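Work through the three exercises below with the structure in view. Try each task before reading its solution.

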Amino acid sequence: MAGASVLRELRGDRADTPSVWFMRQAGRSLPEYRSLREGTTMLDSCVRPDMAAEITVQPVRRHRVDAGIFFSDIVVPARQAGLGVEIQPGVGPVFDHPIRTEADVDALPALGDDYEAALEPIREAVRLTVAELGTTPLIGFAGAPFTVASYMVEGGPSRDHLRTRALMRSQPEVWARLAAWVAELSGRFLRAQVLAGASAVQLFDSWVGALSADMYTTHVQAHSAAALARVSDLPVPRIHFGVGAAHLLTPMWEAGATAMGVDHRLRLDQALDILPAGTPVQGNIDPAVLFTSEQARFEEARAVLDAGARASGHVVNLGHGVAPDTDPQVLTDLVSFLHEQDAHRA
Ligand code: CP3
């Protein structure tokens, strides 16, 4: 397993053949996912170990990607801790009670033995998945404190995260307590996945691009660092990914990542100019090319390989997740194309 190409690249030990997995490779783009999920809500499917394991393996089987990404969601830990949260189709996570005041933070559940016990279906799903995947590594994940807390503060998806940013500025100590709670929630979710068999982790800070570098370092970085620190004693690579976060690459790296995910807005060679020498990178094919011609898709894939060629390690991925209406055959063909390429050609 330690020789699996994705893990080699994430450790800065280059393989000759490119490795690839896709964010959101599981899910609605796959007909086998849609039929399995019929009659079960998104969050219920995440705590049914057999279902979560099967959904995780589906894209590996179909596309021959080099890693599985554990099927769950960034709000699953909050739900297992006892918060009222649902995922509304076409909308995203919605919380029953937004967290906006000191009293709201006081009322958050303690993360004691009950939480550890509530993670058992997650551990079981990871064990089943790892057994099924064989030599293909499983990547565990969690939502970063800013992105998860933003759903909690806003109550649901938000374009500008205005309430969250206002809370940071007006009641920094209330924000800090909330972010610390989420850091423990997400960090323990990561740790549970690794102890059950995941070989790497990714911390998703999808909406962190809404913050300035100053706001990030003052109000967020320490909490993301606390989440990652929950697995830093374990021998697994830690990928840190944000969307629209070119200006945050360095502070996100300094939060304790061992590899950086880069979205499609920043070329990998430009990311490498910013990051410390030797940083392995992951990314960043624009998911929009999945809706263009085969020639355009392969040219973009080749350009991404070339832009990442001088990195110490490079795992190919999209710049953000697979859109639900992506033709799955396009993904399968992209994986085959990448596996035929020489990673060092540039
Ligand atoms: O292949 C994978 O990546 C599977 C695991 C996964 C899911 N969510 C499954 C899911 C992962 C890693 C996530 C993380 C996640 N969830 C993030 C960070 C990654 C990113 O995309 O930026 C965020 C921001 C969320 C919150 C969330 N959950 C959103 C915005 C949505 C979409 C709502 C919609 O219907 O459009 C979800 C739901 C969700 N999570 C789905 C899946 C497969 C779709 C729900 C369904 O299939 O019914």
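**Exercise 1: a helix pair**

In this predicted model, helix H16 (residues 294-307) and helix H17 (residues 328-339) pack with their axes 11 Å apart, at an angle of about 45°. Classify the packing, then describe the contact.

Solution.
- Step 1. Angles under 35 degrees count as roughly parallel, and 65 to 115 as roughly perpendicular. The angle here is about 45°, so H16 is oblique to H17.
- Step 2. Take the handedness: H16 and H17 cross in a right-handed way.
- Step 3. List the residues. H16 contributes Glu-294, Arg-297, Phe-298, Ala-301, Arg-302 and Leu-305. H17 contributes Val-330, Asp-333, Leu-334, Phe-337 and Leu-338.
- Step 4. Sort them. The contact of H16 with H17 has 7 nonpolar residues, 4 charged and no polar.

**Exercise 2: the largest nonpolar core**

Find which residues have the most contacts inside the largest nonpolar core, then follow Met-152 outward.

Solution.
- Step 1. The core holds 121 residues. Phe-22, Met-152, Trp-175, Leu-178 and Trp-181 have the most contacts inside it.
- Step 2. Helix H11 (residues 172-195) supplies the largest share of this core, 12 residues.
- Step 3. Leave out residues up to four places away in sequence. Met-152 then touches Leu-83, Phe-95, Pro-98, Ile-99, Leu-108, Leu-178, Trp-181 and Val-182.

**Exercise 3: a serine in a loop**

Is Ser-206 buried or exposed?

Solution.
- Step 1. Locate Ser-206: the loop between strand S6 (200-205) and helix H12 (213-219).
- Step 2. Buried means under 20% relative accessible area. Ser-206 has 11% relative accessibility, so Ser-206 counts as buried.
- Step 3. Check its neighbours. Not counting residues up to four places away in sequence, Ser-206 touches Thr-147, Phe-241, Val-243 and His-320.

Methods
Residues are numbered from 1 along each chain as its sequence is written. This is a predicted model: local features need pLDDT of at least 70, side-chain atom pairs count only at pLDDT 80 or more; totals for chains, interfaces and linings use all residues. Side-chain values use heavy atoms; hydrogens and water are left out. Axes are lines fitted to C-alpha atoms, for helices over the stretch in contact, and angles run from 0 to 180 degrees between N-to-C directions. Helices (H or I, at least four residues) and strands (E, at least two) are DSSP runs, numbered from the N terminus. Angles under 35 degrees count as roughly parallel, over 145 as roughly antiparallel, 65 to 115 as roughly perpendicular and the rest as oblique. A crossing is left-handed if the near helix is turned anticlockwise from the far one by less than a right angle, and right-handed if clockwise. Contact means heavy atoms within 4.5 Å. Ala, Val, Leu, Ile, Met, Phe, Trp, Tyr, Cys and Pro count as nonpolar, Asp, Glu, Lys and Arg as charged, and the others, Gly among them, as polar. A nonpolar core is a set of buried Ala, Val, Leu, Ile, Met, Phe, Trp, Tyr and Cys residues joined through side-chain atoms within 4.5 Å. Buried means under 20% relative accessible area, exposed over 50%, partly exposed in between (1.4 Å probe, protein chains only).
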